[in-house]
Amino acid sequence: MRNFSDRIHSDVLIIGGGPSGICAAIAARKKARLRGFADRDFQVTILERNQRPGVKIGISGGGKCNITHDGAVDELLWKGFIYKPEQRFLRHALYAFSNKDLLELIERQGLRTVVRYDGRVFPGSGCADDVLKAFEKELLNSSIQVLTGERVKRAENRDGFFAVMTETKEFSADVLVVATGGVSYPQTGTRGDGLNIARSFGHRVEKPLPALAPIYLDRVPSQMLVGVSLRNVTLKVTCDGNCVSRTGDLLVTHKGISGPACLSLSRDVAGIQEKDGECRVMIDFFSNYSAEALEKKMQDHAFANGRQLIRRFLQQQDSIPSAFVPLIMRQSGIDQEKKWGNLNKKARRSLEHTLHNFDFGLVKTIPLEAGEVSAGGIVLKEVNPKTMESKKCRNLFLCGELLDYTGEIGGFNLQAAFSTGWLAGWSIH
Ligand SMILES: Cc1cc2nc3c(=O)[nH]c(=O)nc-3n(C[C@H](O)[C@H](O)[C@H](O)COP(=O)(O)OP(=O)(O)OC[C@H]3O[C@@H](n4cnc5c(N)ncnc54)[C@H](O)[C@@H]3O)c2cc1C
């Protein structure tokens, strides 16, 4: 690192040592070596505000790190990213540094990985810290300078170079990469600093919203429901005529709901809540059946089982946990001891309606800080998807969760961070 009297100069300076910043550094070094630069003649530096880079890698996947997802790149794009503009934007990055490239990189450091039945990839040791250690080794082998405890406050473009100010020092660089992540889990260091830096270079920022987050309800679930899981139901949230839904598993928590279907839907709910206000949560226990098909199923069942209690039938359904049965009966206005033979058409219709639209109350809030990621961020149109270079400022690169994309649960967010980071580092000219 050259010292310009009062300023420390790097060829490439990366703000943020998360997965995207780490990969940007490794790729920048690889490219520099290819271009014939000796490591000592081409300085790549990461400024990280924490005492160790990659904090989120260390806590990811409940400490097990769901590092990526198995499959071809196109499959990852449609499975992992719901919206077309995100898929289009990430396409180049995922092809430039795919899940296979990522696994090769960490396996080179001696870490074996395993693919689960659902396509999620984890380290064989089941330990997220091992993934982080593999990247730390790679950083060391790549002669990357990692300066920890350095929180960047500001960055400016000054006639052909960047000046970057931390709390106590001033750095300069020919190329600047901003890789400071989103705004969820602020205790891990992600407090939106990079968004302000990007704004100072003229970038527009979509308001950060929660994603992959639990949903808190205005009336907390009763104690007997807390901890109950629902298998393969459809979670529906309606708001002023809008309805968003997701099918999958759900978990009732002491504040509301969580589980894959809720985490996946939380981003959409946060979006409609932002615009319209009051959102109602409903559960569809029979989403594979139309209203007519479910009524017919119940009619046939009543015909053959007139003496059976209705609650017995409900308890026998895979998608309905027993704890929900008395609540479904009450919402349908049907006595708990009612038998099929005594159920009239109006009551049967009411039961069908409740099974398709079980009212679970109103959304109170979706905590931004508790989401695995945050939606929103730097507007994608202002970043070149083929290089991750800013369209507002030459030699400024932006990557990772800081950008306005959001992946689903399943290793897609880490993969996107690694891939966009790699593409940024590789594209430095
Ligand atoms: C609890 C949890 C579990 C998760 N599990 C998974 C999972 O299993 N699989 C998956 O795919 N995704 C998972 N994610 C999401 C994934 O971790 C993130 O999407 C990913 O880490 C984003 O990478 P990034 O490099 O863009 O940002 P981050 O990982 O957020 O890294 C940004 C870095 O920048 C640093 N920084 C911020 N501001 C400054 C500043 N001003 N100066 C210097 N440094 C700064 C931060 O300290 C941080 O180290 C999980 C997230 C959480 C919170």
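How far apart are the mean positions of the positive and negative charges of the protein chain? They sit 3 Å apart, with 58 positive and 48 negative charges going into the two means. Lys and Arg count as positive, Asp and Glu as negative, and His and the chain ends are left out; each charge is placed at NZ of Lys, CZ of Arg, CG of Asp or CD of Glu.

Before going on, keep in mind that this is a predicted model, where local features need pLDDT of at least 70, side-chain atom pairs need 80 or more, and totals for chains, interfaces and linings use all residues. Numbering starts from 1 along each chain as its sequence is written, and side-chain values use heavy atoms, without hydrogens or water.

Now the overall picture. The C-alpha atoms fill a box of roughly 90 × 45 × 35 Å along the principal axes. Inside it are 13 helices and 19 strands (DSSP runs: H or I of at least four residues, E of at least two, numbered from the N terminus). Of the 429 residues, 57% are buried, meaning under 20% relative accessible area with a 1.4 Å probe, counting protein chains only.

Let's zoom in on Ser184, in the loop between strand 10 (170-178) and helix 7 (193-200). Ser184 counts as buried because its relative accessibility is 0%. Its side chain reaches the backbone oxygen of Glu372 at 3.5 Å. Leaving aside residues up to four places away in sequence, Ser184 touches residues including Lys56, Thr190, Leu368, Glu372 and Glu401, where contact means heavy atoms within 4.5 Å. Across the chain, 74% of the contacts with a separation of 6 or more join residues 24 or more positions apart.

Key:
Buried means under 20% relative accessible area, exposed over 50%, partly exposed in between (1.4 Å probe, protein chains only). A polar contact is a pair of N or O atoms within 3.5 Å; within protein, one must be able to donate a hydrogen and the other to accept it, and residues adjacent in sequence count only if both atoms are side-chain atoms.
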